Every structure is written in structure tokens, then in C-alpha cells.
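Good morning, and thank you for coming. I would ask you to look at the structure on the screen while I speak.

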Amino acid sequence: MKIEEVINDSLNKLLEVKTEDSYTVESVYYRGDTLCVSSQVGCPVRCSFCASGKDGLYRNLSSSEIINQYLLAKEDGLEIKNIAFAGIGEPLLNWKNVKEAFWYFKEQGLKCSFYTTGFPIDNFKELLNLPHNGINVSLHAVFEDKRKQLIPHGHPIEDILAALKDHLDTLSNRKKKMYNIAYLLIKGINDSKEELERLAEIAQKLGIGVSLLKYNEIERIPYRSTSDEEYEKAFLFLKEKGIKVTLSNRYRTRKIGGCGTLMVNRLKSAKGG
Ligand code: SF4
């Protein structure tokens with residue numbers, strides 16, 4: 001594996017890493033201490049808003065290929081304290097290799113957080129019990145039909161929330177702070193008052209926060225981003241309901257900083273297209 005290209009902007013570094021068999025995956029370095037790594041080439045979950053999943057899965061990355069993204073970034077002079085399994089792919093669908101990489105990173109003293117759709121649920125339950133440093137459960141919809149539209153391959157919302165609740169009930173309030181619901185706000189799709197109300201209810205019931213993400217528009221995908229005003233309005237709506245809401249950080253909203261939805265924009269050399 002080797003770094004093929006490094007693209008810099010003032011806040012992030014995007015590393016295009018080429019595998020031995022000529023696929024390109026991407027890692028994003030942000031906040032001056034965090035590396036977001038990919039776990040698969042393409043993604044079988046095929047979320048309709050995400051360019052990574054547009055063409056499905058090409059193949060899983062091996063544990064060494066996941067670890068090598070870190071080693072190559074380190075060799076490139078980057079100081080890394082945190083690993084986010086938030087790049088291309090659903091970590092739970094390459095679970096054996098992701099777990100091996102996870103334990104390697106932990107042995108190096110790195111903190112590891114995850115973004116996951118919770119699919120498959122048995123692996124999700126196992127993840128909840130690992131010594132991770134944060135899990136963002138990518139819900140993105142609060143009603144089943146909408147979730148099917150956005151995340152076609154996954155478990156029913158209620159199953160994921162039930163597994164999460166069972167786990168959270170065993171934790172102290174301090175530990176619950178490591179968990180969030182990730183909600184990608186898409187204009188006219190999942191941003192109605194009714195949906196935000198339901199989202200607030202879910203977060204309240206679980207006793208965890210919401211990571212409200214602003215959608216970055218992607219070529220070939222027809223969804224639209226909310227305006228800054230609409231985004232702020234949704235944020236205030238949830239906040240007024242007493243929910244701890246975090247907004248997309250300024251790193252994520254940059255052109256090369258949007259783990260998951262943006263980096264995959266550039267998954268072009270995988271099949272020559
Ligand atoms: S958002 Fe995540 S799970 Fe969904 S297709 Fe993209 S990479 Fe896969």
C-alpha cells in the first residue's frame with residue numbers, strides 16, 4: 001500500500017491510499033490529531049445519500065490495510081491520537097478485520113471511535129461492549145419508511161434502539177456521553193418538525209446527545225443540503241427540547257473533510273470509473 005496523493009486544505013488532509021491491487025481508499029486527517037480510516041472499498045449498505053455506497057462493495061480491507069492507513073499517515077509526519085472508523089465502509093460488515101485493527105490501535109494507546117448504522121446487529125451489540133471511545137449511531141431517519149429510503153440495508157430502527165437502550169441502561173451518565181445519534185439533515189427529506197420532534201423523543205428516552213450533521217451535496221446524488229438558516233433552526237429546535245446537540249464540526253463541512261459522505265466522492269479509480 002502507498003499514499004498516492006495528499007490533498008491539503010487549511011484544516012484537513014485527505015490521503016488517497018492505493019492498495020496492492022490498485023483500489024484507492026481514503027483517509028482524512030482533521031483537528032490536528034484524528035485520522036478517519038476506511039474499512040471497506042465501497043460499501044454494501046448503499047445509503048442513498050452516500051457516494052461510497054453508490055456502486056456497492058468492491059471488497060473488504062484486510063486488518064493490515066486498515067492499520068497501514070495509520071502507519072502511512074504517521075510516516076507522512078502526522079501526529080495521530082485518535083482513530084475514527086468513519087471512512088468508507090460499514091465497519092460492522094468487515095467486523096473481524098476491523099476488530100483486529102481496533103485492538104492494534106488500542107495497543108498503540110490510540111483512542112478509537114465509530115460511526116455505524118448498527119448493521120448487522122449482533123456485531124453492533126459486540127461493539128457496544130468493546131473498550132471504544134465513542135459510538136455515533138447513524139440513524140438519519142426516525143420513521144421506518146424514510147430509513148429504508150435512506151439506508152436500504154439495515155435493521156428496523158426499533159431493533160437498533162432497543163439494543164442501544166439495553167446497553168445504555170447499564171452505564172453511568174458519564175459513560176453515556178460517549179454515545180450519540182448521528183442525524184444527517186437533508187433538505188425536504190428528514191427535516192420536518194414531526195421528524196425532529198420524534199428525534200428529540202428518542203434522544204431523551206435514551207439519555208444521549210444528537211450529532212446533527214449538515215449534508216454535503218454530492219455529484220450524481222439528487223439530495224440537497226439545508227441552508228445554514230434551516231440547519232441552525234433544527235439545531236435550536238432540538239436544543240430547546242433539552243437535547244445535547246453537536247453540529248457538524250468545521251472540519252467535516254470542508255470540501256475534503258466529510259468522512260463517509262464526501263471522501264467517497266473520489267472513489268473513482270476503483271473500477272476505472
Ligand atoms: S453512509 Fe456509511 S454505511 Fe452508508 S453507504 Fe456510506 S459508507 Fe456505507
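I shall take the sheet, then the core, then the surroundings of the ligand. Please bear in mind that this is a predicted model.

Let us begin with the sheet. Ten strands form an open sheet with mixed pairing, in the order S1-S2-S3-S4-S7-S8-S9-S10-S11-S12. S1 and strand S12 (245-247) stand at the edges with a single partner strand each, so one side of each has no neighbour in the sheet. From one strand to the next, the twist averages 25°.

At the S1 edge, strand S1 (residues 2-8) pairs with strand S2 (residues 13-18) in the antiparallel sense, over six bridges. The two form a hairpin, with four residues between them, and Lys 2 stands opposite Lys 18 in S2.

Elsewhere, S10 and strand S11 (residues 209-214) run parallel and are joined by six bridges. Here Ala 182 has Ser 211 in S11 as its bridge partner. Helix H8 (residues 228-240) packs on the sheet, where it touches S10, S11 and S12. The direction of H8 makes about 175° with that of S11.

Which residues have the most contacts inside the largest nonpolar core? They are Phe 85, Ile 181, Tyr 183, Leu 185, Leu 199, Val 210 and Leu 238, in a core of 74 residues. Strand S10 (residues 179-185) supplies the largest share of this core, six residues. Leu 238 touches, among others, Leu 199, Val 210 and Val 245.

Finally, the ligand. Twelve residues surround it, and Cys 43, Val 45, Cys 47, Cys 50 and Gly 53 come nearest. By class, this shell has five nonpolar, five polar and two charged residues.

Notes:
Residues are numbered from 1 along each chain as its sequence is written. This is a predicted model: local features need pLDDT of at least 70, side-chain atom pairs count only at pLDDT 80 or more; totals for chains, interfaces and linings use all residues. A residue is near a molecule or strand if its C-beta atom, placed from the backbone, lies within 6 Å of it. Ala, Val, Leu, Ile, Met, Phe, Trp, Tyr, Cys and Pro count as nonpolar, Asp, Glu, Lys and Arg as charged, and the others, Gly among them, as polar. A nonpolar core is a set of buried Ala, Val, Leu, Ile, Met, Phe, Trp, Tyr and Cys residues joined through C-beta atoms within 7 Å. A residue is buried if 20 or more other C-beta atoms lie within 10 Å of its own, exposed if 12 or fewer, and partly exposed in between; C-beta atoms are placed from the backbone. Two residues are in contact if their C-beta atoms, placed from the backbone, lie within 7 Å. Two strands pair if DSSP finds at least two bridges between them. Axes are lines fitted to C-alpha atoms, for helices over the stretch in contact, and angles run from 0 to 180 degrees between N-to-C directions. Lists of a residue's contacts leave out its neighbours within four places in sequence.
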